[in-house]
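Subject: Structure for you, with notes on its pockets and cavities

Hi,

Here is the structure I promised to pass on. Have a look at it first, and then read my notes underneath.

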Amino acid sequence: MGFPQQRFRRFRRTGRLREMVRETTLDPGDFIAPLFVKEGLARPVEIDAMPGQHQHTVGSLVESCGALAELGVPAVMLFGIPAHKDAEGSSAWDPNGIVQEALRAVRAELGDGLVLVADLCLCEYTDHGHCGVVRGRAVDNDATLDAYARIAVSYAEAGADWVGPSGMMDGQVGAVRRALDAGGHSEVTVLAYAAKYASAFYGPFRQAAESRPQFGDRRGYQLDPGNADEAVREVKADIDEGADIVMVKPALPYLDVLGRVKAAFGVPTAAYQVSGEYAMLKAASARGWLQEEPAMLEVLLAIRRAGADLILTYFARDAAERLRRG
Ligand code: PBG
(Lines give C-alpha, C1' and ligand atoms only; values in the text may rest on other atoms or scores of the structure.)
Protein backbone atom coordinates (compact mmCIF):
# COMPACT_ATOMS: atom_id res chain seq x y z
CA MET A 1 0.00 0.00 0.00
CA GLY A 2 1.44 3.34 -1.02
CA PHE A 3 0.46 6.95 -1.46
CA PRO A 4 -2.28 8.14 -1.81
CA GLN A 5 -3.90 5.24 0.16
CA GLN A 6 -1.20 5.46 2.83
CA ARG A 7 -1.19 8.86 4.50
CA PHE A 8 0.89 9.03 7.66
CA ARG A 9 -0.40 12.50 8.31
CA ARG A 10 -3.90 11.21 9.18
CA PHE A 11 -2.71 10.49 12.70
CA ARG A 12 -0.72 13.68 13.01
CA ARG A 13 -3.61 16.08 12.64
CA THR A 14 -4.50 16.60 16.32
CA GLY A 15 -3.00 16.07 19.73
CA ARG A 16 -5.57 13.43 20.61
CA LEU A 17 -4.81 11.39 17.50
CA ARG A 18 -1.08 11.64 18.03
CA GLU A 19 -1.53 10.46 21.60
CA MET A 20 -3.66 7.49 20.53
CA VAL A 21 -0.90 6.01 18.40
CA ARG A 22 2.13 7.13 20.43
CA GLU A 23 4.42 4.14 20.95
CA THR A 24 6.48 5.50 23.83
CA THR A 25 5.38 7.68 26.73
CA LEU A 26 7.00 9.32 29.71
CA ASP A 27 5.87 9.06 33.30
CA PRO A 28 7.34 10.30 36.59
CA GLY A 29 7.49 6.61 37.52
CA ASP A 30 10.25 6.13 34.94
CA PHE A 31 12.71 8.37 36.75
CA ILE A 32 15.38 7.91 39.39
CA ALA A 33 16.78 11.17 40.77
CA PRO A 34 20.51 11.32 41.57
CA LEU A 35 21.17 13.44 44.66
CA PHE A 36 24.36 14.58 46.37
CA VAL A 37 24.74 14.77 50.13
CA LYS A 38 27.81 16.23 51.80
CA GLU A 39 29.03 15.61 55.31
CA GLY A 40 29.39 18.63 57.59
CA LEU A 41 27.60 21.06 55.29
CA ALA A 42 25.75 23.94 56.99
CA ARG A 43 23.38 24.71 54.10
CA PRO A 44 22.77 23.34 50.59
CA VAL A 45 25.18 24.61 47.93
CA GLU A 46 24.14 24.88 44.30
CA ILE A 47 26.51 23.15 41.88
CA ASP A 48 27.92 25.70 39.48
CA ALA A 49 27.93 23.49 36.38
CA MET A 50 24.55 21.89 37.23
CA PRO A 51 22.02 24.71 37.74
CA GLY A 52 19.17 23.58 40.00
CA GLN A 53 21.20 20.73 41.53
CA HIS A 54 22.78 20.93 44.97
CA GLN A 55 25.20 19.43 47.36
CA HIS A 56 22.67 18.71 50.10
CA THR A 57 22.76 18.67 53.85
CA VAL A 58 21.02 15.64 55.31
CA GLY A 59 18.09 17.92 56.10
CA SER A 60 17.75 19.41 52.62
CA LEU A 61 18.20 15.95 51.13
CA VAL A 62 15.27 14.63 53.13
CA GLU A 63 13.19 17.59 51.93
CA SER A 64 14.09 16.98 48.29
CA CYS A 65 13.27 13.30 48.65
CA GLY A 66 9.85 14.20 50.04
CA ALA A 67 9.14 16.51 47.11
CA LEU A 68 10.17 13.84 44.60
CA ALA A 69 8.02 11.18 46.24
CA GLU A 70 5.11 13.60 46.21
CA LEU A 71 5.53 14.01 42.45
CA GLY A 72 5.48 10.26 41.85
CA VAL A 73 9.21 9.76 41.31
CA PRO A 74 9.74 6.29 42.79
CA ALA A 75 13.47 6.28 43.58
CA VAL A 76 16.56 8.33 44.37
CA MET A 77 20.23 7.49 43.91
CA LEU A 78 22.46 8.86 46.66
CA PHE A 79 26.04 10.06 46.21
CA GLY A 80 27.98 10.96 49.34
CA ILE A 81 30.80 13.45 49.79
CA PRO A 82 32.64 12.59 53.01
CA ALA A 83 34.46 15.02 55.29
CA HIS A 84 37.47 12.72 55.37
CA LYS A 85 39.22 11.17 52.36
CA ASP A 86 42.15 8.76 52.52
CA ALA A 87 44.04 6.39 50.22
CA GLU A 88 41.67 3.48 50.91
CA GLY A 89 38.43 5.46 50.91
CA SER A 90 37.57 4.11 54.35
CA SER A 91 34.74 6.60 55.00
CA ALA A 92 32.72 4.66 52.44
CA TRP A 93 32.14 1.73 54.81
CA ASP A 94 31.95 3.75 58.02
CA PRO A 95 28.64 2.79 59.67
CA ASN A 96 28.22 6.50 60.47
CA GLY A 97 29.34 7.63 57.01
CA ILE A 98 27.39 10.28 55.17
CA VAL A 99 25.45 7.93 52.87
CA GLN A 100 24.62 5.61 55.76
CA GLU A 101 23.37 8.58 57.77
CA ALA A 102 21.39 9.90 54.82
CA LEU A 103 19.77 6.51 54.20
CA ARG A 104 18.59 6.31 57.80
CA ALA A 105 17.31 9.90 57.78
CA VAL A 106 15.31 9.53 54.55
CA ARG A 107 13.92 6.20 55.71
CA ALA A 108 12.86 7.68 59.04
CA GLU A 109 10.98 10.45 57.25
CA LEU A 110 9.49 8.62 54.26
CA GLY A 111 9.36 4.94 55.23
CA ASP A 112 8.82 2.87 52.11
CA GLY A 113 7.63 5.91 50.16
CA LEU A 114 10.78 5.97 48.06
CA VAL A 115 13.16 3.29 46.82
CA LEU A 116 16.60 4.20 48.17
CA VAL A 117 19.50 3.45 45.87
CA ALA A 118 23.09 3.96 47.04
CA ASP A 119 25.74 4.49 44.40
CA LEU A 120 28.63 2.24 45.31
CA CYS A 121 32.08 3.53 44.41
CA LEU A 122 35.29 4.78 45.97
CA CYS A 123 36.10 7.87 43.90
CA GLU A 124 34.29 10.25 46.29
CA TYR A 125 36.11 8.70 49.26
CA THR A 126 39.72 8.30 48.10
CA ASP A 127 42.22 11.16 48.31
CA HIS A 128 43.52 10.22 44.81
CA GLY A 129 40.01 10.30 43.34
CA HIS A 130 40.17 6.91 41.62
CA CYS A 131 37.35 4.38 41.85
CA GLY A 132 39.44 1.71 43.52
CA VAL A 133 42.55 0.75 45.45
CA VAL A 134 45.61 2.27 43.74
CA ARG A 135 48.88 0.35 43.42
CA GLY A 136 51.58 2.42 41.74
CA ARG A 137 49.67 4.39 39.09
CA ALA A 138 47.01 1.75 38.37
CA VAL A 139 43.82 0.61 40.08
CA ASP A 140 44.10 -2.91 41.53
CA ASN A 141 40.93 -4.66 40.39
CA ASP A 142 40.78 -7.57 42.82
CA ALA A 143 41.80 -5.62 45.93
CA THR A 144 39.02 -3.15 45.09
CA LEU A 145 36.41 -5.92 45.06
CA ASP A 146 36.95 -6.54 48.77
CA ALA A 147 36.31 -2.88 49.51
CA TYR A 148 33.14 -2.86 47.35
CA ALA A 149 31.84 -5.93 49.20
CA ARG A 150 32.30 -4.17 52.52
CA ILE A 151 30.58 -1.01 51.31
CA ALA A 152 27.64 -2.98 49.92
CA VAL A 153 26.97 -4.65 53.26
CA SER A 154 27.35 -1.35 55.10
CA TYR A 155 24.80 0.36 52.81
CA ALA A 156 22.42 -2.57 53.15
CA GLU A 157 22.69 -2.41 56.93
CA ALA A 158 21.88 1.31 56.78
CA GLY A 159 18.74 0.51 54.79
CA ALA A 160 19.59 0.76 51.09
CA ASP A 161 17.00 -1.00 48.92
CA TRP A 162 19.36 -1.16 45.96
CA VAL A 163 23.10 -0.70 45.55
CA GLY A 164 24.66 0.56 42.34
CA PRO A 165 28.27 -0.56 41.85
CA SER A 166 29.70 2.05 39.46
CA GLY A 167 33.46 1.59 39.54
CA MET A 168 33.72 -0.71 36.50
CA MET A 169 35.94 -3.29 38.18
CA ASP A 170 35.70 -6.74 36.60
CA GLY A 171 33.76 -9.06 38.88
CA GLN A 172 32.22 -6.25 40.95
CA VAL A 173 28.63 -7.43 40.58
CA GLY A 174 29.48 -10.97 41.70
CA ALA A 175 31.53 -9.72 44.64
CA VAL A 176 28.74 -7.42 45.79
CA ARG A 177 26.02 -10.06 45.30
CA ARG A 178 27.95 -12.69 47.29
CA ALA A 179 28.70 -10.26 50.12
CA LEU A 180 25.07 -9.13 50.34
CA ASP A 181 23.79 -12.71 50.40
CA ALA A 182 26.35 -13.79 52.99
CA GLY A 183 25.36 -10.81 55.15
CA GLY A 184 21.68 -11.75 55.10
CA HIS A 185 20.71 -9.13 52.50
CA SER A 186 19.53 -11.34 49.68
CA GLU A 187 16.59 -8.98 49.03
CA VAL A 188 18.86 -6.02 48.24
CA THR A 189 18.82 -5.34 44.51
CA VAL A 190 21.93 -4.77 42.40
CA LEU A 191 21.64 -2.02 39.81
CA ALA A 192 24.79 -2.61 37.77
CA TYR A 193 26.53 0.22 35.96
CA ALA A 194 27.18 -2.42 33.33
CA ALA A 195 28.14 -0.39 30.25
CA LYS A 196 29.76 2.72 31.65
CA TYR A 197 31.94 4.58 29.18
CA ALA A 198 35.07 6.64 29.77
CA SER A 199 33.17 9.80 28.88
CA ALA A 200 33.90 13.50 28.70
CA PHE A 201 30.33 14.13 29.91
CA TYR A 202 31.08 13.43 33.60
CA GLY A 203 32.83 16.75 34.22
CA PRO A 204 30.07 18.55 36.17
CA PHE A 205 29.49 15.46 38.31
CA ARG A 206 33.12 15.39 39.38
CA GLN A 207 32.71 18.99 40.53
CA ALA A 208 29.53 18.06 42.42
CA ALA A 209 30.93 14.89 43.98
CA GLU A 210 34.45 16.28 44.45
CA SER A 211 35.76 13.13 42.79
CA ARG A 212 38.11 14.28 40.05
CA PRO A 213 41.06 11.87 39.69
CA GLN A 214 44.21 13.54 41.01
CA PHE A 215 46.39 11.84 38.37
CA GLY A 216 45.65 10.01 35.13
CA ASP A 217 42.08 9.26 34.06
CA ARG A 218 39.53 6.45 34.17
CA ARG A 219 40.21 4.90 30.77
CA GLY A 220 41.97 2.01 32.48
CA TYR A 221 38.65 0.73 33.81
CA GLN A 222 35.74 2.40 31.98
CA LEU A 223 34.60 1.30 28.48
CA ASP A 224 36.19 2.72 25.36
CA PRO A 225 33.67 4.93 23.51
CA GLY A 226 34.37 3.10 20.26
CA ASN A 227 33.10 -0.23 21.53
CA ALA A 228 29.54 -1.54 21.39
CA ASP A 229 30.09 -5.32 21.03
CA GLU A 230 32.23 -5.17 24.15
CA ALA A 231 29.46 -3.32 25.98
CA VAL A 232 27.04 -6.14 25.19
CA ARG A 233 29.57 -8.66 26.54
CA GLU A 234 30.05 -6.55 29.71
CA VAL A 235 26.33 -6.46 30.28
CA LYS A 236 26.09 -10.22 29.81
CA ALA A 237 28.88 -10.74 32.34
CA ASP A 238 27.03 -8.58 34.87
CA ILE A 239 23.77 -10.45 34.31
CA ASP A 240 25.62 -13.74 34.80
CA GLU A 241 27.09 -12.39 38.04
CA GLY A 242 23.64 -11.57 39.37
CA ALA A 243 22.75 -8.04 38.23
CA ASP A 244 19.03 -7.34 38.63
CA ILE A 245 19.06 -4.19 36.51
CA VAL A 246 21.68 -3.20 33.97
CA MET A 247 22.57 0.35 33.10
CA VAL A 248 24.05 2.12 30.11
CA LYS A 249 25.85 5.40 30.82
CA PRO A 250 25.91 8.09 29.43
CA ALA A 251 22.54 7.96 27.67
CA LEU A 252 22.17 10.25 24.65
CA PRO A 253 25.56 9.58 23.00
CA TYR A 254 25.06 5.81 23.54
CA LEU A 255 21.44 5.19 22.49
CA ASP A 256 22.64 2.55 20.02
CA VAL A 257 24.22 0.60 22.88
CA LEU A 258 21.07 1.01 24.96
CA GLY A 259 18.93 -0.35 22.12
CA ARG A 260 21.20 -3.32 21.61
CA VAL A 261 21.32 -4.16 25.32
CA LYS A 262 17.53 -4.08 25.71
CA ALA A 263 17.02 -6.17 22.56
CA ALA A 264 19.72 -8.70 23.47
CA PHE A 265 18.69 -9.46 27.06
CA GLY A 266 15.23 -8.08 27.77
CA VAL A 267 16.13 -7.49 31.41
CA PRO A 268 15.19 -4.35 33.33
CA THR A 269 17.38 -1.73 31.73
CA ALA A 270 18.32 1.72 32.97
CA ALA A 271 20.08 4.62 31.28
CA TYR A 272 21.94 7.40 33.06
CA GLN A 273 21.49 10.84 31.52
CA VAL A 274 24.70 12.17 33.04
CA SER A 275 25.77 15.54 34.37
CA GLY A 276 27.24 16.77 31.08
CA GLU A 277 24.03 15.95 29.23
CA TYR A 278 22.10 17.95 31.81
CA ALA A 279 24.59 20.84 31.69
CA MET A 280 24.41 21.05 27.88
CA LEU A 281 20.64 21.48 27.88
CA LYS A 282 20.71 23.89 30.80
CA ALA A 283 23.44 26.04 29.26
CA ALA A 284 21.86 26.24 25.82
CA SER A 285 18.45 27.02 27.35
CA ALA A 286 19.92 29.72 29.59
CA ARG A 287 21.24 31.45 26.47
CA GLY A 288 17.90 31.13 24.72
CA TRP A 289 19.37 28.77 22.12
CA LEU A 290 17.04 25.92 23.07
CA GLN A 291 13.68 25.80 24.78
CA GLU A 292 14.35 23.87 27.93
CA GLU A 293 11.08 22.01 28.54
CA PRO A 294 10.48 20.57 25.09
CA ALA A 295 14.16 19.72 24.69
CA MET A 296 14.22 17.97 28.07
CA LEU A 297 11.08 15.97 27.32
CA GLU A 298 12.25 15.01 23.83
CA VAL A 299 15.57 13.68 25.08
CA LEU A 300 13.96 11.74 27.94
CA LEU A 301 11.43 10.25 25.54
CA ALA A 302 14.22 9.28 23.13
CA ILE A 303 16.06 7.49 25.93
CA ARG A 304 12.89 5.54 26.73
CA ARG A 305 12.25 4.79 23.05
CA ALA A 306 15.78 3.43 22.66
CA GLY A 307 15.07 0.85 25.37
CA ALA A 308 15.34 2.31 28.86
CA ASP A 309 12.78 1.14 31.41
CA LEU A 310 14.25 3.57 33.91
CA ILE A 311 16.15 6.83 33.50
CA LEU A 312 18.55 8.28 36.03
CA THR A 313 18.18 11.97 35.40
CA TYR A 314 18.87 15.28 37.11
CA PHE A 315 15.69 16.46 35.36
CA ALA A 316 13.58 14.04 37.43
CA ARG A 317 11.90 16.76 39.46
CA ASP A 318 11.40 19.24 36.59
CA ALA A 319 10.16 16.57 34.22
CA ALA A 320 7.81 15.06 36.80
CA GLU A 321 6.38 18.51 37.57
CA ARG A 322 5.93 19.18 33.87
CA LEU A 323 4.24 15.81 33.26
CA ARG A 324 1.97 16.36 36.24
CA ARG A 325 0.86 19.67 34.77
CA GLY A 326 -0.03 17.75 31.60
C1 PBG B 1 31.98 7.23 39.30
C2 PBG B 1 30.77 7.93 38.83
C3 PBG B 1 30.72 8.81 37.75
C4 PBG B 1 29.42 9.27 37.66
C5 PBG B 1 28.69 8.64 38.64
N6 PBG B 1 29.54 7.81 39.37
C7 PBG B 1 31.65 9.17 36.71
C8 PBG B 1 33.08 9.30 36.92
O9 PBG B 1 33.53 10.20 37.66
O10 PBG B 1 33.81 8.54 36.26
C11 PBG B 1 28.98 10.27 36.65
C12 PBG B 1 27.61 10.74 36.74
C13 PBG B 1 27.35 12.00 36.02
O14 PBG B 1 28.19 12.53 35.27
O15 PBG B 1 26.23 12.51 36.19
N16 PBG B 1 31.78 6.42 40.36
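Four elements each put at least two residues into the lining of the second largest pocket: strand E1 (31–38), strand E3 (54–56), helix H2 (58–70) and helix H11 (316–325). E1 is the top contributor there, with 4 residues. Before I go on, please keep in mind that this is a predicted model.

That pocket, the second largest, holds about 230 Å³ of space. Its lining runs to 16 residues, and the ones nearest the centre are Leu35, Gly52, Gln53, Tyr314 and Arg317. Sorted by class, the lining has 8 nonpolar, 6 polar and 2 charged residues.

Now for the largest pocket, where the space comes to about 290 Å³. If you want to select the lining in your viewer, pick Glu19, Arg22, Thr24, Thr25, Leu26, Pro294, Leu297, Glu298, Leu301 and Leu323. Which helix gives the most to this lining? That would be H10 (residues 292–306), which supplies 4 residues. The class split for the largest pocket is 5 nonpolar, 2 polar and 3 charged.

On to the enclosed spaces. The count of cavities of 30 Å³ or more comes to 2. The largest cavity has a volume of about 140 Å³, and 20 residues line it, with Cys123, Lys196, Tyr202, Phe205 and Lys249 closest to its centre. Strand E9 (189–196) and helix H6 (203–209) each give at least two residues to the lining of the largest cavity. By class, that lining has 10 nonpolar, 4 polar and 6 charged residues.

So where does the ligand sit? You'll find it in the largest cavity. There are 16 residues around the ligand, and the closest are Arg206, Arg218, Lys249, Ser275 and Tyr314. The shell around the ligand is made up of 9 nonpolar, 3 polar and 4 charged residues.

Two names turn up in more than one place, so they may be handy to colour. Lys249 is among the residues closest to the centre of the largest cavity and also among those closest to the ligand. Tyr314 is one of the closest to the ligand and is also one of the residues nearest the centre of the second largest pocket.

Here are some polar contacts to the ligand that you can check by eye:

- Gln222: an N or O atom in its side chain is 2.8 Å from an oxygen atom of the ligand.
- Ser166: a polar side-chain atom lies 3.1 Å from a nitrogen atom of the ligand.
- Lys249: an N or O atom of the side chain is 3.4 Å from a nitrogen atom of the ligand.

As for how well the ligand is covered, it exposes 400 Å² when taken alone, and the protein buries 100% of that.

The second largest cavity has a volume of about 30 Å³. Lining it are Leu78, Phe79, Gly80, Val99, Asp119, Leu120, Cys121, Glu124, Tyr125 and Tyr155. Strand E4 (75–81) and strand E5 (115–120) are the elements that give two or more residues to that lining, and the largest share, 3 residues, comes from E4. In terms of class, the lining of the second largest cavity divides into 7 nonpolar, 1 polar and 2 charged residues.

Last, a few backbone oddities. Most residues other than glycine have a negative phi, and most peptide bonds are trans. Here are the exceptions I'd point you to:

- The peptide bond joining Phe3 and Pro4 is cis, with omega about 10°. Pro4 is in the segment before helix H1 (15–20).
- Lys249 and Pro250 are also joined by a cis peptide bond, with omega about -10°. Pro250 is in the loop between strand E10 (245–249) and helix H8 (255–265).
- Met168 is not a glycine but has a positive phi, near 60°. You'll find Met168 in the loop between strand E8 (162–165) and helix H5 (172–182).

The Lys249 in that second cis bond is the one whose side chain comes within reach of the ligand nitrogen, at 3.4 Å.

Shout if anything is unclear.

Cheers

Key. Residues are numbered from 1 along each chain as its sequence is written. This is a predicted model: local features need pLDDT of at least 70, side-chain atom pairs count only at pLDDT 80 or more; totals for chains, interfaces and linings use all residues. Side-chain values use heavy atoms; hydrogens and water are left out. A residue is near a molecule or strand if one of its heavy atoms lies within 4 Å of it. A polar contact is a pair of N or O atoms within 3.5 Å; within protein, one must be able to donate a hydrogen and the other to accept it, and residues adjacent in sequence count only if both atoms are side-chain atoms. Accessible areas come from the Shrake-Rupley method with a 1.4 Å probe; for residues, only the protein chains shown count as cover. On a 1 Å grid over the protein atoms alone, a cavity is a set of points where a 1.4 Å probe fits but cannot get out, and a pocket is an open set with protein on both sides within 12 Å along at least five of seven lines; lining residues have an atom within 4 Å of a point. A molecule sits in a cavity or pocket if more than half of its atoms lie within 2 Å of its grid points. Ala, Val, Leu, Ile, Met, Phe, Trp, Tyr, Cys and Pro count as nonpolar, Asp, Glu, Lys and Arg as charged, and the others, Gly among them, as polar. Grid points are joined across faces, edges and corners, and a volume is the space filled by probe spheres set on the points.
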